[in-house]
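Q: Please take a close look with me at one part of this predicted model. I would like to begin at a single residue and then follow the picture outwards in one connected answer.

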Number of protein chains: 2
Amino acid sequence: MADLARAVGVSKSTVSRAFSRPDMLNPETVDRIAEVAARIGYRPNRAARALSTGRHGNIGMVVPDIANPFFPPLIRAGQVEADRSDFCVFLGNSDEDPEQEDRLVSHFLSQVSGLLLIASRLDEDRIRAYADLCPLVLVNRDVAGIPRILIDSGPAVAEAVRHLHSLGHERIIYVSGPPKSWSEQERRAAAKAEAERLGMSLTVVPVTKPAYETGLELAPPVLDSGATAAVAFDDITAHGLMTGLSHRGVAIPKDFSLVGCDDVLGARTNPPMTTVTTSSEEAGRCAIAMLLALIAGAVPQGTLRTISTRLVLRGTTGPAPQR
Amino acid sequence: MADLARAVGVSKSTVSRAFSRPDMLNPETVDRIAEVAARIGYRPNRAARALSTGRHGNIGMVVPDIANPFFPPLIRAGQVEADRSDFCVFLGNSDEDPEQEDRLVSHFLSQVSGLLLIASRLDEDRIRAYADLCPLVLVNRDVAGIPRILIDSGPAVAEAVRHLHSLGHERIIYVSGPPKSWSEQERRAAAKAEAERLGMSLTVVPVTKPAYETGLELAPPVLDSGATAAVAFDDITAHGLMTGLSHRGVAIPKDFSLVGCDDVLGARTNPPMTTVTTSSEEAGRCAIAMLLALIAGAVPQGTLRTISTRLVLRGTTGPAPQR
DNA sequence: CAGTCTCGCGCAACCGGTTGCACGTCAACC
DNA sequence: GGTTGACGTGCAACCGGTTGCGCGAGACTG
């Protein structure tokens, strides 16, 4: 920068302003500086700028598992939205581990203007502490007072249970997800409540890591349970379960009905999966927009924004088999 | 930091060394500093450190499409590997657009110690220019002199063509991928060369964006072509094509054989897809390891590292139908 | 006991920008 | 014609660390 200033014959201040607040300067000066800068290949140093202004122009984003297909569209939409305001995004994988998430966040802390924690596994105190240090928004995690985006899948899960009930199913299973997941808690609670209300029997099958293989291995216990239908925490696990059942000669939906969540597979399975659909892109976009507003000091209208979901009926649910 | 120094009764230098080079100090001093730091909640500021040392401890990573299932495992493995050395990673989505990639890279430039460009769409000059400015490694992009990791799918694609030939197929199709993709060029060239060698007829179906929907829409032209088999640039497009063909009553593999690439679907399709498999995790891990070595000044052993692939036979290929 | 070394630490400059304040110039105004 | 104000620019301090160099104290040597 000093070199540039010398080359142009102005002071560092002027060069600085040419890039950060060109309107303060004589347009000709700005042009001259821009021209010489291009010639000698000068680019303002974001790290230095951040140090002196305190505005880093970066945001930190952490997800439990990058490779879980639910997250990439959300990450992508978030990154693209951030880029529209020239923000760079750090990405971290917590691997569902609060300690790892904490590590990541603390590494991000001193170089970001804001944090986006997606399906955070941190405990409330920790989240509150970070929120005091740095603008922070949550996705799919509900902590009072902290700005958050919630993909509200409870009602659609309840609808799924009603749907199964209307098809004559009486004994169903809920295949759970990561215990610390807010979505998991919502879905489980909604399924339980609705089943109870309708007088259905609901068994919860615990699962720690949602995965295709997990679903596959679930086939025997699910069959043994005597249930005729299942609602799963996510599509991936549901897909595994579906395949596992098929391998055992169980026809879907004739012999067994299945509902997934998140709609990450679309209609690509065979039969296409009945599931709870939503737009994770929208969640990513809104979350970043809210975070940028928070950073700008514009208190977001409401600190809580919910994104709706709905049950989409496809081919994995049908009438309960006759005994 | 000054506060901490005052509170402990030492100089800033000592506090600094307590965190960056504790071995230079009296262990008791380090302990005292650490204790007080924890009490008042001091954390070293990475941005400031970067400014004064020039070592940012961040790496920038850009991919063409975060949501393309080939990338998330690679991104994840890279991030995890980087984290083992306390590096944070910026992630950017170029959306297959060289200009966008350029934007991202230039934003990263002044805050990273290294760049990882995955399947870069930048032109060679640009890549070389960036490599002069900053340690840089490429994945699935072949620029002489620049350290790179190449997932060498050519041989396996050739094997796929031989496989189809041995099954009696004579007219086949290559469903292409993004034109600027190195992998695409490799695969296409390998398929062409092998088909020619074997005296098979190979038609290239151009595709700009690999996607399930793209594959779906390809069913009619593929059928019209008179070919009895296809090799596709990736599994996603192949999957779409497979479904499109099924919708039209074409049985796979009885009436038509299909080979995918990347093995992102595993055996989850029905029938399970014959494909070219590799470990994108390994690519991500190696790439970051190589980049870290480059940053550390250890010239990587060879500046070119290839990762092998192999054809895995599953259920979408079978004998050519009799006319 | 004087001389030499090592160890632990402080001083101050520096990394590359930003910004409050001051200064000089010139046009507009009464 | 002197005053006022706006405009364009420079000065220097500051953001929060790092690091080469120097200094004093204690240990060790001959």
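**From one loop to the meeting of the chains**

A: Let's start with Pro271(B), which you will find in the loop between β9 and β10 (274-277) of chain B. The peptide bond that leads into this proline, from Asn270(B) to Pro271(B), is cis, with omega near -5°. Keep in mind as you look that this is a predicted model. Chain B has another cis bond for you to find, from Ile252(B) to Pro253(B), with omega near 10°. Pro253(B) belongs to the loop between α11 (235-247) and β9 (257-261) of chain B.

Now move on to helix α12 (residues 280-295) of chain B, which packs against helix α5 (residues 71-84) of chain B at an angle of about 35°, with the axes 7 Å apart. Those two values are the usual kind of description, since two packed helices are described by the angle between their axes and the distance between the axes. The crossing of α5(B) and α12(B) is right-handed. On the α5(B) side, the residues in contact are Pro73(B), Leu74(B), Ala77(B), Gly78(B), Glu81(B) and Ala82(B). From α12(B) come Ser280(B), Glu281(B), Ala283(B), Gly284(B), Arg285(B), Ile288(B) and Ala289(B). Sorted by class, this contact has seven nonpolar, three polar and three charged residues.

Here is another helix pair in chain B to set beside that one. Helix α8 (residues 154-166) and helix α9 (residues 182-198) of chain B pack at an angle of about 35°, with their axes 8 Å apart. Their crossing is right-handed. Among the residues that meet are Val157(B) and Val161(B) from α8(B), and Ala190(B) and Ala191(B) from α9(B). The contact of α8(B) with α9(B) holds seven nonpolar, two polar and five charged residues.

Let's go back to α5 of chain B and look across to chain A. Asp65(A) and Arg76(B) form a salt bridge through their side chains, at 2.5 Å from N to O. Asp65(A) lies in the loop between β1 (58-63) and α5 of chain A, while Arg76(B) is in helix α5 of chain B, so the pair joins two chains. As background, side chains of opposite charge can pair when their charged atoms come close.

How does that pair fit into the whole meeting of the chains? There are 10 salt bridges between chain A and chain B, and the structure holds 38 over all chains. Each chain puts 45 residues into the contact. About 3,800 Å² is buried between chain A and chain B, with carbon and sulfur atoms giving 53% of that area. In chain A, Arg43(A), Arg76(A) and Arg268(A) lose the most area to chain B, together 18% of what that side buries.

Polar contacts play a part here too, with 18 residue pairs between chain A and chain B. Several elements of chain A each supply at least two residues of the side that touches chain B, including α4 (46-53), β2 (88-93) and α6 (98-109). Of these, α6(A) gives the most to that side, with seven residues. The touching side of chain A divides into 21 nonpolar, 13 polar and 11 charged residues.

One last stop is Glu96(A), in the loop between β2 and α6 of chain A. Glu96(A) has a positive phi of about 65°, although it is not a glycine.

Definitions and conventions. Residues numbered from 1 in each chain as written. Chains lettered and ligands numbered in written order. Predicted model: local features only at pLDDT ≥ 70, side-chain atom pairs only at ≥ 80, totals over all residues. Heavy atoms only, no water. Axes fitted to C-alpha atoms, helices over the stretch in contact; angles between N-to-C directions. Helix = DSSP H or I, 4+ residues; strand = E, 2+ residues; numbered from the N terminus. Left-handed = near helix turned anticlockwise from the far one by under 90°. Contact = heavy atoms within 4.5 Å. Nonpolar A, V, L, I, M, F, W, Y, C, P; charged D, E, K, R; others polar. Buried area = accessible area lost by both parts, 1.4 Å probe. Salt bridge = Lys/Arg side-chain N within 4 Å of Asp/Glu carboxyl O. Polar contact = N/O pair within 3.5 Å; in protein donor to acceptor, adjacent residues only side chain to side chain.
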